[in-house]
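Biologist: I am new to this structure and would like a close look at a single part of it. Please take one residue to begin with, and then work outwards to the rest.

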Amino acid sequence: MVFDLNGKIALISGGASGIGLNYAKELLKNGVKGVCLADVSPEFGDKALKDIEAEFGTNRAIFVQTDVTDIKQFQNAFEKTIETFKHIDILINNAGILNDSLWEKEISVNLNGTIHGTLLALEKYLPSYKQGEDALIVNISSIAGIAEIGFVPIYTATKHAIIGLTRAWGIPLVYERTKVRVVALCPGVTLTPLIADMSGRNLGKEYETIFEKIRPTFQPSQEPEYLAEEAMNVFKHGPNGTLWVIESGQPAYEFKFPERFAQKGNVLSYD
Ligand SMILES: NC(=O)c1ccc[n+]([C@@H]2O[C@H](COP(=O)([O-])OP(=O)(O)OC[C@H]3O[C@@H](n4cnc5c(N)ncnc54)[C@H](O)[C@@H]3O)[C@@H](O)[C@H]2O)c1
């Protein structure tokens, strides 16, 4: 299976900086015709549009100020994308924050934001406005979605939840109805402002101590440009409902859950 990116239109939440902007640029390099950067920050938006114009020319990108926690704002980003480019084929649910000290906001951005984007894309805009046979939703989870990152348990929970959404929305029965593939990316540590200073973005000093103890396991890291480049292979070839880790500047590998019933022998042992 190959999903041809040529001529497609993509909407990227949190797309005006960090890894999101790198996905946008890499998509354009791979033949995507237009991108919508749906981001909460107009400052990042202005700068990103200038960057994209300098590299790819005019009329390839729009910025729509969007807080993904507000489904009406998210819907407005879809509407503006269609007004401008007439189609939409790809949604990347990328907007996310890491800050357990603001955990209700963190859940709202990371989880509600992903749900808002998926409901709009899967149930309305992608089936109606895609150009080819298929469309694509990419949910940005993290290695925190498949491992226990004890210094930010709530961030970890939001990223695990994104795995659950991807697996459940990625079943064949949903695809047969919508013709929208749903895949997740689980990036490892990637050099962006999100991880530049993690100190203090936790539930307090006990968690800061855990952070200091496990900090060395957060090496080595990778550049956002590498992550975005490798992500294109997943966008083009990743089967529906699959989960892909990209870490340490290495090729993407698939993360698979173990067969549930094969674990029935793991019974509780006690005296
Ligand atoms: N950097 C890493 O090491 C890493 C690793 C794994 C997963 N991730 C995930 O990748 C995604 C992007 O991370 P990043 O490192 O580029 O972060 P970043 O902080 O560099 O960029 C995040 C972008 O999202 C935007 N944003 C924040 N809140 C928003 C909201 N409510 N609505 C719309 N936009 C919003 C910001 O303005 C910013 O442009 C996140 O979901 C993050 O959890 C990052």
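Modeller: The place to begin is Ile71, which lies in helix 3, the helix that covers residues 71–85. Keep in mind that the model is a predicted one. Is Ile71 buried or exposed? Ile71 counts as partly exposed, because its relative accessible area is 33%, and that class sits between the limits of under 20% for buried and over 50% for exposed.

Next come the neighbours of Ile71. Leaving aside residues up to four places away in sequence, Ile71 touches His116 and Leu120. Between those two numbers falls Gly117, which is 46 residues from Ile71 along the chain, with 7.8 Å separating the two C-alpha atoms. Helix 4 runs over 103–129, so His116 and Leu120, the residues that Ile71 touches, have numbers inside that range, and Ile71 itself is partly exposed at 33%.

Helix 4 leads on to the largest pocket, since it supplies at least two residues of the lining. The other elements that do so are helix 1 (18–29), strand 2 (34–39), helix 5 (153–169) and helix 7 (193–196). The lining has 43 residues, and those nearest the centre of the pocket are Asn94, Ala95, Gly96, Ile97 and Leu194. By kind, the lining divides into 24 nonpolar, 14 polar and 5 charged residues. The space in this pocket comes to about 960 Å³.

A second residue can be set beside Ile71. Asp46 is found in helix 2, residues 42–56. Asp46 is also partly exposed, with a relative accessible area of 47%. Asp46 and Ile162 are 116 residues apart along the chain, and their C-alpha atoms are separated by 29 Å.

Now the whole protein. There are 9 helices and 8 strands. Of its 271 residues, 49% count as buried. Taking contacts between residues at least 6 apart in sequence, 73% join residues at least 24 apart. The contacts of Ile71 with His116 and Leu120 can be read against that background. The protein exposes about 12,900 Å², and carbon and sulfur atoms supply 54% of this area.

As for overall dimensions, the C-alpha atoms fill a box of roughly 65 × 40 × 35 Å along the principal axes. The radius of gyration is 18 Å, which agrees with the value near 18 Å that a compact globule of 271 residues would have.

Conventions: Residues numbered from 1 in each chain as written. Predicted model: local features only at pLDDT ≥ 70, side-chain atom pairs only at ≥ 80, totals over all residues. Heavy atoms only, no water. 1 Å grid on protein atoms, 1.4 Å probe; cavity = no way out; pocket = protein on both sides within 12 Å on 5 of 7 lines; lining within 4 Å. Points joined across faces, edges and corners; volume = space filled by probe spheres on them. Helix = DSSP H or I, 4+ residues; strand = E, 2+ residues; numbered from the N terminus. Nonpolar A, V, L, I, M, F, W, Y, C, P; charged D, E, K, R; others polar. Rg over C-alpha atoms; globule rule 2.2 N^0.38 Å. Buried < 20%, exposed > 50% of the residue type's maximum accessible area, 1.4 Å probe, protein only. Contact = heavy atoms within 4.5 Å. Areas by Shrake-Rupley, 256 points an atom, 1.4 Å probe, with all protein chains shown as cover.
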